Every structure is written in structure tokens, then in C-alpha cells.
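Visitor: Please take one part of this structure, the aromatic contacts and their surroundings, and examine it closely. I should like the geometry set out first, and then the strands and loops around it.

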Amino acid sequence: MRKILCVLLFSVFCSAIIAVVVFAEQSTGYQDLDQSDFFMRHRGLFVDGAIFPFDGKVLSRGSKGDYDEISYDYFQEFNHGMGGNFASLFDKVQLIEPLHEQNTFSIYGEDAVFKVKYNGQSELPQLILTSPDGSTKTHTMNKSNVEDNICICSLRLKKGSYNYKYITTDKLCEISGCWHVTTRPYNFVRKSPSLLNDVSPDNVCFSWSVKSDEENDLLSYKLYLGFEQSESKLPEVDSGPGVNSLSFTISNLDHRKRYYWYMIVKNKFGASLKTEVYSFITGGLPKRFYNAPNPFNPTRVAQTAFVFPMYQNGTAQITIYSEYGDKIWESSTISFPGNAPQIIMYDGKDDAGRMLYSGTYLAVLTKRYLNKTETEKCRILIVK
């Protein structure tokens, strides 16, 4: 009996050795491959993180001892979306794709909607949420629609900053980020310009107050200003108010115009407040003689306006000289009422009707009152 048992054990042992040798002979090429090369050059089938070959054959030797390529249907392409070095290797399918910014926010009192696209076939991904107090809770995400791959988890959260993590059931794929529950800026109050008084167009001061509940907040602003009452038609002001500013000044607006404006205020997380549309009227006397637009391109804009104050009833005339002192153009003498801003238009041509060359020109304003004459100068830049 002992002899029979020993023979059986010896037979099993020999069979195991033969199987190991055969398998090693068939799979040596697979073992010798660099893992990253294997992933890049061949194909794999993923099922929520588990990768399978279609059959037992890995590689076969060629006639010269080299390893043949794996057949086309041996593996299917995969991308487990684990980030790091894997992200540059796998570019076909990503198991979890967040449908929001990595660092994002929601408004306190509204649902925080965690949303991902899930390309796996097994159990749905999980959301692991770490609260501001350090406690952690796991939520299983739900499909938003049976027919698509969108998974969501809607939560009503307290105010504060949370760390979130999307993770697959095999825990091989995870994507994390920060989620801030915040409030919008509020109680925006316009202080100036006032609707009830004419505003000097030379220096229009916009001032306001606004509140935020965020500690050490960084409020940013976008100012929209123009002649249309509809907010969609108001252009944004370039180089607007700075961070945490409470005032902003714009120079050289048009005289005798009604302007409309509004602001968008954002806190440091991106939660925004859009103000109502305000208006004001420009008036008053300009403090100096100038033209707008300047620089002036007469091939694109038909005319530029020379703006100046008239303190008394009188006449005004504008003469334009080249940089060499030659008289280029002269307006007619025009009578103007006193104590009002006045405008003389200019089309960028000389007295003979020829368009001026690009360059700098000197404009001289001569104002004659009943008992005195005044002159003012400004430079006009022609750019074509």
C-alpha cells in the first residue's frame, strides 16, 4: 500500500514539473516584456479592473527565436483611468470620468450633485466624502438614466470644504478633489455714480459695498458698461476693478449720454452674484480739451470728437498742425453757449480733403469770449 501511495505521489510531482516547464516555455516571452510596453502595444479586456486574456496562449516563438506579436483578438483595449504614469499610457477608455471640475463648489441650501461617467460593467462606483470635521462617509452612486453611463449622488451638505473621492469596487481606480459648500456674495449696494445727479464724464467713480460669509475671501469683479439697457448688450470693461476693491474710476466717457452698468461679483470659490442694471447720465463741464477716440483711425471710424468746456457765451475754432508746424486743417468759427460742454467733430482729412498720414498732430483750440481769448492744446495720434 505504501509503495502504491509513493508511486502516485511521484507521478503527481512529475506531472507538475512537466506542466511548469511547458507553461514557462509558452509564456517566457510574456514575462520578458516590459509592462508598460505590453500595455501600449497589445490589447486587454477590462471588467471593473480585472484584466483577462481570451485564451491560454500568450506568445509563440518565431523561426529566429523572436517572439511573434499577439493576435488582434487576444486582448481588447482598456484604460483603467488610475492617473499618474498610467494616464499617459491608456488613452482609449477611462473607467471614471468626473463631469465637473476637480476643485468645485455648490451653494449652501442647494443640493451638491456629484456626477461622473462610469464605463465599467460591474457594481457602480462609490463616493467617499470627508467632512470638514474629519468624519468620512461612503455613498453608492446611482445611475441617472438606465440608458446612459452617468452616475450621480445628490447630497444636502453643510457649509464648509469637503474632500471627495470616486472609487471603483475593486479599489484600483480612484479620482479625488475638493468640494466647497459656500454662499454667494450678497447685499451689494451701489454708492456712486448716482442716478439723480449729472456725472462728470472726465472721471466717473464707481463705488459700492458688498458682503461675503467666507473667511479671508477674495472677491473678484467684472464691470459691464455701455449705452444699452439690456445686460446682454453691455460690453465688459477692460482692466476692471481689482480683487477686493470697493471703487473703480473710468475717465473720458461721452458727454450728455445715459450709461447703463452692472457687475458680477465672485467669491474665492467661484460662487457669483449678478447685480441689477444701474444707470447714470453724464453732464457737467469737461476739465480739459481732448479728443476721443485717440488714437484715431479715420479708415475705420468716421470721425473723432474734440471735447472742450465753454465757460461763457463765445466762439470756438480748432486748427490742426503737423509735427513740422504746417497748418493742416482749420474748422469754421462756431458760436457756443456758455457753461456747457461742447464738441467739434473731425474726419481725419486736411483742408484739401486728403486723408492724413499716420503720425502725431497738434490740435489748437481758440476760444473767444466777450472780453478775452483763450487757447488750449492737445495732441492727436492718427493710426492707420
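Guide: What follows begins with the model as a whole, turns to one group of aromatic rings, and then moves outward to the neighbouring elements.

The model is predicted, and its confidence should be kept in view throughout. The pLDDT averages 80 over the chain, and 75% of the residues reach at least 70. Residues 20-93 form a stretch where the pLDDT is below 50; in the model, this stretch nevertheless has 105 contacts beyond near neighbours in sequence. The chain has 384 residues, of which 37% count as buried. Its secondary structure comprises 26 strands and 3 helices. Among contacts with a separation of 6 or more, 62% are between residues 24 or more positions apart.

The aromatic part comes next. Two quantities describe a pair of aromatic rings: how far apart the centres lie and the angle between the planes. Over the whole structure, a search finds 18 aromatic pairs. One of the pairs is that of Phe-114 and Tyr-164, whose ring centres are 6.1 Å apart. Their planes meet at 65°, and because an angle over 60 degrees counts as edge-to-face, the pair of Phe-114 and Tyr-164 is given that label. Phe-114 belongs to strand E5 (residues 112-118) and Tyr-164 to strand E10 (residues 160-167), so this pair ties together parts that are 50 residues apart in sequence.

Phe-114 also pairs with Trp-179. Here the centres are 4.1 Å apart and the planes stand at 35°, so the pair is tilted. Trp-179 lies in strand E11 (residues 174-182), 65 residues from Phe-114 in strand E5, and this pair too links distant parts of the chain.

The accessibility of these rings can be stated for each residue. Phe-114 has a relative accessibility of 0% and therefore counts as buried. Tyr-164, at 3%, is buried, and Trp-179, likewise at 3%, is buried as well. The cut-off behind these labels is a relative accessible area under 20%.

From Trp-179 one may step to Ser-131. The C-alpha atoms of Ser-131 and Trp-179 are 9.8 Å apart, while 48 residues separate the two in sequence. Ser-131 is in the loop between strand E6 (126-130) and strand E7. With a relative accessibility of 23%, Ser-131 counts as partly exposed. Apart from neighbours within four places in sequence, Ser-131 contacts Ser-161 and Tyr-162.

Strand E7 (residues 136-140) contains His-139. His-139 has a relative accessible area of 16% and is buried. When residues up to four places away are not counted, His-139 touches Gln-126, Leu-127, Leu-129, Cys-153 and Leu-155.

A further set of rings lies later in the sequence. One aromatic cluster is formed by Phe-188, Phe-206, Trp-208, Tyr-221, Phe-227, Tyr-259, Trp-261, Tyr-278 and Phe-280. Phe-188 leads in turn to Thr-275, which is in contact with Phe-188, Tyr-262 and Met-263, leaving aside neighbours within four places in sequence. Thr-275 sits in the loop between strand E17 (272-274) and strand E18 (278-281). Its relative accessible area is 7%, so Thr-275 is buried. The side chain of Thr-275 also comes to 2.9 Å from the backbone nitrogen of Met-263.

The cluster may be set beside a sheet. Strands E12, E13 and E15, in that order, form an open sheet with antiparallel pairing. Strand E12 (186-192) and strand E15 (247-251) are the edge strands, each pairing on one side only. Neighbouring strands of this sheet are turned against each other by 20° on average, with direction ignored. Strand E13 (residues 203-211) and strand E15 run antiparallel and are joined by 5 bridges. One bridge partnership involves Cys-205, whose partner in E15 is Thr-249.

A second open sheet offers a parallel description. It has 3 strands in the order E19-E20-E24, again with antiparallel pairing. Its edge strands, each pairing on one side only, are strand E19 (290-292) and strand E24 (340-346). From one strand to the next, the twist averages 30°. Strand E20 (residues 304-310) is joined to E24 by 7 bridges, and the two run antiparallel. Opposite Ala-305 stands Met-345 in E24.

To return to the part first examined: Phe-114 makes an edge-to-face pair with Tyr-164 and a tilted pair with Trp-179.

Definitions and conventions: Residues are numbered from 1 along each chain as its sequence is written. Side-chain values use heavy atoms; hydrogens and water are left out. Two strands pair if DSSP finds at least two bridges between them. Helices (H or I, at least four residues) and strands (E, at least two) are DSSP runs, numbered from the N terminus. Axes are lines fitted to C-alpha atoms, for helices over the stretch in contact, and angles run from 0 to 180 degrees between N-to-C directions. pLDDT is the predictor's confidence in each residue, from 0 to 100. Contact means heavy atoms within 4.5 Å. Buried means under 20% relative accessible area, exposed over 50%, partly exposed in between (1.4 Å probe, protein chains only). A polar contact is a pair of N or O atoms within 3.5 Å; within protein, one must be able to donate a hydrogen and the other to accept it, and residues adjacent in sequence count only if both atoms are side-chain atoms. Rings of Phe, Tyr and Trp (its six-membered ring) pair if their centres lie within 6.5 Å; planes under 30 degrees apart count as stacked, over 60 as edge-to-face and the rest as tilted.
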